[in-house]
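Trainee: I would like to see how the labels on a structure are earned. Can we go through them one at a time?
Mentor: Yes. Have the structure open.

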Amino acid sequence: MDKSRHPPDPGRNLTRVSDFFSADLDADLAIATVEQQIADAQERAERAAELRRQIDAVRGVATSPRREVTVTVDASGRLAAVELTDAASHLPSRDLGRLIVHTANEAQRRAGEKALELASEAFGADSPTVAHLRGELDRPAPSADTTIAI
């Protein structure tokens, strides 16, 4: 109820006076709350920017069991490097292709785990951002036998 539009109740002067001071306190509290929300949002934005920089630097590296193939990916799973030893050239092409895919999937899993760790540190393990990343990481990798037309 807007007290400025209604005549004061003579029996409630003390309450009205306290309401007057309470309104000032409520306004100060509201201003302080908004200022805190702005500061919190700025701090979250700074954490997000720092997280982006850290995730951009993440690399996942995996090497095949017999060391024929080493794959490096970024946090998104994009290939950054594929290194083949001379032993790789002795593998049948189909086996080499599967080995590259398997090794790349392992490198991607490692990069994803590091990104998830960084996001958990920045936003907390229960944050929606971390939950989304965890869901992406839990998705099964495509099979090396899957044929994709390009």
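Trainee: Why is Glu68 called buried?
Mentor: This is a predicted model, so the value is computed from it. Glu68 has a relative accessible area of 4%. Buried means under 20%, so Glu68 counts as buried.

Trainee: And what makes Arg66 exposed?
Mentor: Its relative accessible area is 64%. The cut-off for exposed is over 50%, so Arg66 passes.

Trainee: How do you know that Glu68 and Arg66 form a salt bridge?
Mentor: Their closest N and O atoms are 2.9 Å apart. The limit is within 4 Å, so the pair qualifies. The structure holds 10 salt bridges.

Trainee: Which residues are joined into one network by shared partners?
Mentor: Glu106, Arg109, Arg110 and Glu113.

Trainee: What makes Glu43 and Arg47 a salt bridge?
Mentor: The closest N and O atoms are 3.1 Å apart. That is within 4 Å, so the pair counts. Both sit in helix α1, residues 13-57. They are 4 residues apart, which means about one helical turn separates them.

Trainee: Are these two buried, exposed or partly exposed, and why?
Mentor: Glu43 is at 38% relative accessibility. Arg47 has a relative accessible area of 27%. Partly exposed lies between the 20% and 50% cut-offs, so both residues are partly exposed.

Trainee: How do you know that Arg53 and Glu50 form a salt bridge?
Mentor: The N to O distance is 3.0 Å. That is within 4 Å, so the label holds. Arg53 and Glu50 lie 3 residues apart in helix α1, about one turn of the helix. Glu50 is partly exposed, at 33% relative accessibility.

Trainee: How do you know that the length of α2 agrees with a helix?
Mentor: α2 has 31 residues. At 1.5 Å a residue, the expected span is 45 Å. The end C-alpha atoms are 44 Å apart, so the two values agree.

Trainee: Which residues of α2 are buried?
Mentor: Among them are Leu96, Leu99, Thr103, Ala104 and Gly112. Each is under 20%, so each earns the label. Over the protein chain of 150 residues, 19% count as buried. Just after α2, Gly124 takes a positive phi of about 95 degrees.

Trainee: What lines the largest pocket?
Mentor: The volume of that pocket is about 950 Å³. It has 32 lining residues, and the closest to the centre are Ala75, Ser76, Gly77, Gln108 and Glu136. α1, α2 (93-123) and α3 (128-138) each supply at least two lining residues. α2 gives the most, with 12.

Trainee: How many lining residues are nonpolar, polar and charged?
Mentor: The lining has 18 nonpolar, 9 polar and 5 charged residues. Ala counts as nonpolar and Gly as polar.

Trainee: Why are β2 and β3 called paired strands?
Mentor: Strand β2 (residues 69-74) and strand β3 (residues 79-84) share 5 bridges in the antiparallel sense. Pairing needs at least two bridges, so the two strands pair. Thr70, for one, has Glu83 in β3 as its bridge partner.

Trainee: How many residues lie between β2 and β3 in the hairpin?
Mentor: There are 4. Gly77 in the turn has a positive phi of about 90 degrees.

Trainee: In what order do the elements run?
Mentor: From the N terminus on, α-β-β-β-α-α. The protein chain has 3 helices and 3 strands.

How values were computed: Residues are numbered from 1 along each chain as its sequence is written. This is a predicted model: local features need pLDDT of at least 70, side-chain atom pairs count only at pLDDT 80 or more; totals for chains, interfaces and linings use all residues. Side-chain values use heavy atoms; hydrogens and water are left out. A salt bridge is a side-chain nitrogen of Lys or Arg within 4 Å of a carboxyl oxygen of Asp or Glu. Buried means under 20% relative accessible area, exposed over 50%, partly exposed in between (1.4 Å probe, protein chains only). On a 1 Å grid over the protein atoms alone, a cavity is a set of points where a 1.4 Å probe fits but cannot get out, and a pocket is an open set with protein on both sides within 12 Å along at least five of seven lines; lining residues have an atom within 4 Å of a point. Grid points are joined across faces, edges and corners, and a volume is the space filled by probe spheres set on the points. The expected span of a helix is 1.5 Å times one less than its number of residues.
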